[in-house]
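Reader: Hi! Could you walk me through this model? I'd like to start with one pair in the sheet.

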Amino acid sequence: MEKMANKRAVKLRKKEEVMRKIRELGSLPADAFEKYQSMSIKELWKLMNKCNTELKKYAHVNKKALDQFVSFSEQKEKLIERKKELDKGLDAIKNLMDVLEHRKHEAIQLTFKQVSHFFTEIFKKLVSGGTATLVMKRSEFDEEGSSLPLVEQFTGVGIKVSFSGKVSETKEMQQLSGGQKSLVALTLIFAIQKCDPAPFYLFDEIDQALDPQ
């Protein structure tokens, strides 16, 4: 009797294990039990061995592929959303850079106009009958539609002066004598200081290089 009870317990455990495996397979077709119920044990074992042999052909298939696909799909969606946020932030930064670029361009032009005006005005006071102008130098690639930033289109400032007031005697900085260069340099300093005045100015022997006349 004890042996019979042990065998019965073993069979019940196997039954529970088989039922558990069936449940793990998911829902089965409605005719699953009817289809195989009439088959003998020998036929069922033979069919099961055949199925196991067929399943071995797919042993190399990643059994976690579906879970990984779902996981990677979720990561992809998150990355797409993150990219959209970064693209939006990049556009905002580019717009800010464009605004700042235009403000710098406007500030440079305004400052240059002010300094140029005072430069001409002060030079006339220092040199009776003389004329002087500041010229903004631009890049050779400064053409309409150029991709060069607005501020980088400015390459420097040129100076044209005439100590006699005659247009034909207008000279550039490199053509002037040492004394004339000193006078022009002082004029430029005074023009810049007039745009942004300081409480006091201290000059040391600024007339040393000036011409006697």
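Reader: Which residue stands opposite Lys160 in strand 3?

Author: Happy to help! Lys160 stands opposite Glu172, which is in strand 3. Helices (H or I, at least four residues) and strands (E, at least two) are DSSP runs, numbered from the N terminus.

Reader: Before I go on, what sort of model is this?

Author: This is a predicted model, where local features need pLDDT of at least 70 and side-chain atom pairs count only at pLDDT 80 or more, while totals for chains, interfaces and linings use all residues. Residues are numbered from 1 along each chain as its sequence is written, and side-chain values use heavy atoms, with hydrogens and water left out.

Reader: What is the mean pLDDT of the chain?

Author: The chain's mean is 81, and 86% of its residues reach 70 or more. The score is the predictor's confidence in each residue, from 0 to 100. Among the elements, helix 4 has the highest mean pLDDT (90) and helix 2 (residues 32-37) the lowest (71).

Reader: Good to know. How many helices and strands are there?

Author: There are 5 helices and 3 strands. Starting at the N terminus, their order is α-α-α-α-β-β-β-α.

Reader: Back to the sheet, then. In what order do the strands lie?

Author: The 3 strands make an open sheet, ordered 1-2-3, with antiparallel pairing. Strand 1 and strand 3 are the edge strands, each pairing on one side only. Helix 4 packs on the sheet and touches strand 1 and strand 2, its direction making about 160° with that of strand 1. For that angle, axes are lines fitted to C-alpha atoms, for helices over the stretch in contact, and angles run from 0 to 180 degrees between N-to-C directions.

Reader: How many bridges join strand 2 to strand 3?

Author: There are 2 bridges between strand 2 and strand 3 (residues 171-172). Strand 1 and strand 2 pair over 8 bridges, also in the antiparallel sense. Two strands pair if DSSP finds at least two bridges between them.

Reader: Any pairs between strand 1 and strand 2 to look at? Which residue of strand 2 is opposite Leu134?

Author: Leu134 faces Ile159 across the pairing, and Val135 has Gly158 of strand 2 as its bridge partner.

Reader: And the core? Which residues have the most contacts inside the largest one?

Author: Phe119, Phe123, Leu134, Ile159, Val161, Val184 and Ala191 have the most contacts inside that 15-residue nonpolar core. Helix 4, strand 1 (131-138), strand 2 and helix 5 each supply at least two residues of the core, and helix 4 gives the largest share, 6 residues. A nonpolar core is a set of buried Ala, Val, Leu, Ile, Met, Phe, Trp, Tyr and Cys residues joined through side-chain atoms within 4.5 Å. Buried means under 20% relative accessible area, exposed over 50%, partly exposed in between (1.4 Å probe, protein chains only).

Reader: What does Phe123 touch?

Author: Leaving aside neighbours within four places in sequence, Phe123 is in contact (heavy atoms within 4.5 Å) with Gly130, Thr131, Ala132, Val161, Ser162, Phe163, Val184 and Thr187.

Reader: Is Ser162 from that list buried or exposed?

Author: Ser162 counts as buried because its relative accessible area is 0%. Ser162 sits in strand 2. Beyond its neighbours within four places, the contacts of Ser162 include Glu169 and Thr170.

Reader: Switching to helix 5: which of its residues are buried?

Author: Gly179, Gln180, Ser182, Leu183, Val184, Leu186, Thr187 and Ala191 are buried there. Their cover includes helix 4 (65-126) and strand 2 (154-162).

Reader: What about helix 4, what do its buried residues pack against?

Author: Strand 1, strand 2 and helix 5. Phe112, Val115 and Phe118 are among the buried residues of helix 4. His105 is in helix 4 too, and it counts as buried because its relative accessibility is 13%.

Reader: How far is His105 from Gln153?

Author: Their C-alpha atoms are separated by 9.5 Å, although the two residues are 48 residues apart along the chain.

Reader: Last one: how much of the chain is buried?

Author: Buried residues make up 14% of the 213 residues.
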